[in-house]
Amino acid sequence: MKKEDQVLVLVGNDKRGRAFLAQESQNYSVRFAIYAGSHSPKRVLSLLRKGSLSLSVVIKMTWAEMIRPYHKIPSLQKVQTNSDLLRLIEEDQINQVVLYRVGLIIRRKVLQTGATVYNIHCARLPEYGGLMALQRALDKKDYQQEATLHVVNEKVDDGETINTVPFLLDEKKSYKKNEDTAFEAGENLLRTFLCPYKITKE
């Protein structure tokens, strides 16, 4: 990564993502945007029907989200679709995109721009790609985990691993506390990625 890279960081609009934006978005000379894609009950119901989510995990995730504090964030560009992302890449001549807490499946038209797209997945890959990663790890008692920065390709959570930050799950702790541990590792991974773009305050 070079100083002259044009970097876009796309962060999810959940409370953990908003907390990161509130605390960090002013600290780096990169473009931040917020993912405003759908988390509608209809989509959740569809994932439940497909078996991609279980009702018990949806309840745990929903409760964890409800009890986290809400953060106000700066006014940021919203991205809902691949077309929105493509437009930002082209308008700002972006050549590095980093996704954190983003549920958008990146399509070929974005990958063909020449921009390198990275994703931060808060579990070890390839074993725990996709949805319900932490619950699957807990169910298997596979507590030694790592947040993973990987290159995005046309398969979900499949690209080359670039960097990792280890963390430890604990079956004695609540689902929320385990989730927060994983997200903290993911955020540390994002800070490491952004380190070359840190704004030095005089």
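**Surface patch, pocket and salt bridges in a predicted model**

A nonpolar patch of about 350 Å² on the surface is made by W63, M66 and I67. The model described here is a predicted one. Two members of the patch can be placed at once: W63 lies in helix 3, and I67 is found in helix 3 as well. W63 is exposed, with a relative accessible area of 52%, just past the cut-off, since exposed means over 50%. I67 has a relative accessible area of 42% and is therefore partly exposed. For a sense of scale, I67 and I199 stand 132 residues apart in sequence, and their C-alpha atoms are 32 Å apart in space.

Helix 3 also leads into the next topic, the pocket. Rolling a probe the size of a water molecule over the atoms shows where empty space is left. The largest pocket holds about 1400 Å³ of space. Several elements give two or more residues to the lining of this pocket, namely helix 2 (41–50), helix 3 (55–67), strand 4 (96–100), strand 5 (116–121), helix 6 (133–139) and helix 7 (175–194). Which of them gives the most to the lining? Helix 3 does, with 4 residues. In total, 43 residues line the largest pocket, and those that lie nearest its centre are M61, R101, V102, G103 and L131. Sorted by class, the lining has 23 nonpolar, 11 polar and 9 charged residues.

R101, one of the residues nearest the centre of the largest pocket, deserves a second look for its backbone. Most residues other than glycine have a negative phi, and most peptide bonds are trans. R101 has a positive phi of about 60° although it is not a glycine. This residue is found in the loop between strand 4 and helix 5 (108–111). With a relative accessible area of 29%, R101 is partly exposed. M132 has a positive phi too, near 60°, and is likewise a residue other than glycine. Where is M132 found? M132 sits in the loop between strand 5 and helix 6. P126 has its place in the loop between strand 5 and helix 6, and the peptide bond from L125 to P126 is cis, with omega near 5°.

Another loop residue is A36, placed between strand 2 (31–35) and helix 2. Its relative accessibility is 22%, so A36 counts as partly exposed; the buried class would require a value under 20%. A36 and T81 are 45 residues apart in sequence, yet their C-alpha atoms are 8.7 Å apart in space.

The charged side chains come next. Side chains of opposite charge can pair when their charged atoms come close. The model contains 14 salt bridges. One of them joins E24 to R191, with the closest N and O atoms 2.8 Å apart. This pair links distant parts of the chain, as E24 is in helix 1 (residues 15–24) and R191 in helix 7, 167 residues apart. Are the two partners buried or exposed? E24 is buried, at 10% relative accessible area, whereas R191, at 24%, is partly exposed.

A further salt bridge forms between D92 and R31, where the closest N and O atoms are 2.0 Å apart. Here too distant parts of the chain are linked: D92 is in helix 4 (residues 82–92) and R31 in strand 2, 61 residues apart. D92 is partly exposed, with a relative accessible area of 28%, and R31 counts as partly exposed at 28% relative accessibility.

D142 pairs with R124 in a salt bridge whose closest N and O atoms are 2.5 Å apart. D142 lies in the loop between helix 6 and strand 6 (144–151) and R124 in the loop between strand 5 and helix 6, so the pair ties together parts that are 18 residues apart in sequence. R124 is buried, with a relative accessible area of 16%.

Beyond these pairs there is a network. Salt bridges link R16, E65, R68, K176, E179, D180 and E187.

Technical notes:
Residues numbered from 1 in each chain as written. Predicted model: local features only at pLDDT ≥ 70, side-chain atom pairs only at ≥ 80, totals over all residues. Heavy atoms only, no water. 1 Å grid on protein atoms, 1.4 Å probe; cavity = no way out; pocket = protein on both sides within 12 Å on 5 of 7 lines; lining within 4 Å. Points joined across faces, edges and corners; volume = space filled by probe spheres on them. Nonpolar A, V, L, I, M, F, W, Y, C, P; charged D, E, K, R; others polar. Patch = residues over 30% accessible without salt bridge, like charges linked within 9 Å, V, L, I, M, F, W, Y side chains within 5 Å. Areas by Shrake-Rupley, 256 points an atom, 1.4 Å probe, with all protein chains shown as cover. Salt bridge = Lys/Arg side-chain N within 4 Å of Asp/Glu carboxyl O. Buried < 20%, exposed > 50% of the residue type's maximum accessible area, 1.4 Å probe, protein only.
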